[in-house]
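Please open the model in your viewer and keep the sequence panel beside it. The stops below say what to select next and what is to be found there.

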Amino acid sequence: MFVEIENLKFRYKNAKEDTIKNFAMNVDKGEIISILGESGSGKSTVLRIISGLEANASGIIKIDNKIALDDKTFIMPEKRGIGMVFQDYALFPHMMVTENILFGLKGFGKKEKQERLSEMLELVSLKGFEGRYPYELSGGQQQRVAIARALAPRPALFLLDEPFSNLDADLRSKIREEIKVILRQTGTTSVFVTHDKEDVRALADRVVVVKDGFVLRSGNVNDILGN
Ligand code: ADP
Ligand code: MG
């Protein structure tokens, strides 16, 4: 297993009960897994814990055989090899497309930066948009910048929070296909969360259904959702 998550528990400060209770999940290398659940079921919280943005979780998280979390270990978010696309994309509004993507490549050499930038612009079909600011882009284009920024450093694991919820209905299926091509082309091990079964059917290899912070069931998409 490329990603192993066991017995994850988490409580927000001031909350009366655990938001995440015994969450577990495995992901194979190159797999696309979906976490499906209603609003408030804990999907975003799980992604934040995996990426290290919530520090007070317990349980075990292993990524590529390296422990990111256990009783004795907490690896900082930037050291986990995770790329994340947030629901609102979280682009830097004062930075052009190129600067947003280059932000993900801090610490890379000058030549490699330019090569990766060019590859990413190609991958997400944004050649010609290098000098635009986020407000000069459509929602779908902004999302592709967020994807390029997150994939530029070749993360071991790619997390997407509700990647389709801000898109118009007619754009959704187009963007789902685009993202699928990008993830398959790059062989990126990915976890995306959604409340929409159609997203799962279109994109996921397997699905983990969550309710109130625990795993209700998980498995093959057709087995869980029916044909
Ligand atoms: P989802 O992404 O599935 O909609 P979330 O993970 O955002 O769910 O939220 C799960 C639960 O945790 C909800 O009940 C939500 O109100 C609560 N919650 C989310 N963020 C915080 C926070 N910062 N402090 C306290 N409770 C929170
Ligand atoms: Mg959420």
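Begin by selecting helix H3, residues 110–123, where helices (H or I, at least four residues) and strands (E, at least two) are DSSP runs numbered from the N terminus. Its 14 residues should span 20 Å at 1.5 Å a residue, and the end C-alpha atoms are indeed 20 Å apart, which agrees; the expected span is 1.5 Å times one less than the number of residues.

This is a predicted model, in which local features need pLDDT of at least 70 and side-chain atom pairs count only at pLDDT 80 or more, while totals for chains, interfaces and linings use all residues. Residues are numbered from 1 along each chain as its sequence is written, chains are lettered from A and ligands numbered from 1 in the order in which they are written, and side-chain values use heavy atoms, with hydrogens and water left out.

Within H3, colour Arg-116, Leu-117, Met-120, Leu-121 and Leu-123, the buried residues of this helix (buried means under 20% relative accessible area, exposed over 50% and partly exposed in between, with a 1.4 Å probe and protein chains only). Looking down the axis of H3, you will find these buried residues within an arc of 155 degrees, so they line one face of the helix; the arc is that of the directions from the helix axis to the C-beta atoms. They pack against helix H2 (97–103), H4 and H5, whereas the face turned away from the buried side carries the exposed Lys-111 and Glu-122. Just after H3, Ser-125 has a positive phi of about 55 degrees.

Move next to helix H5, residues 169–186, whose 18 residues reach 26 Å from first C-alpha to last, close to the 26 Å expected. Its buried residues are Arg-172, Ile-175, Arg-176, Ile-179, Ile-182 and Leu-183. They cover an arc of only 135 degrees around the axis, which puts them on the same side of H5. Among the elements covering them are strand S3 (32–36), helix H4 (139–151) and strand S9 (190–194), while Asp-170 and Gln-185 are exposed on the face turned away.

Finally, select Arg-80, in the loop between strand S6 (73–74) and strand S7 (82–85). What is the nearest side chain of opposite charge to Arg-80? That side chain is Glu-78, 8.1 Å away, and the buried Arg-80 has no salt bridge (a side-chain nitrogen of Lys or Arg within 4 Å of a carboxyl oxygen of Asp or Glu). The side chain of Arg-80 does reach the backbone oxygen of Ile-75, at 2.7 Å.

How values were computed
Contact means heavy atoms within 4.5 Å. Lys and Arg count as positive and Asp and Glu as negative; His and the chain ends are not counted. A polar contact is a pair of N or O atoms within 3.5 Å; within protein, one must be able to donate a hydrogen and the other to accept it, and residues adjacent in sequence count only if both atoms are side-chain atoms.
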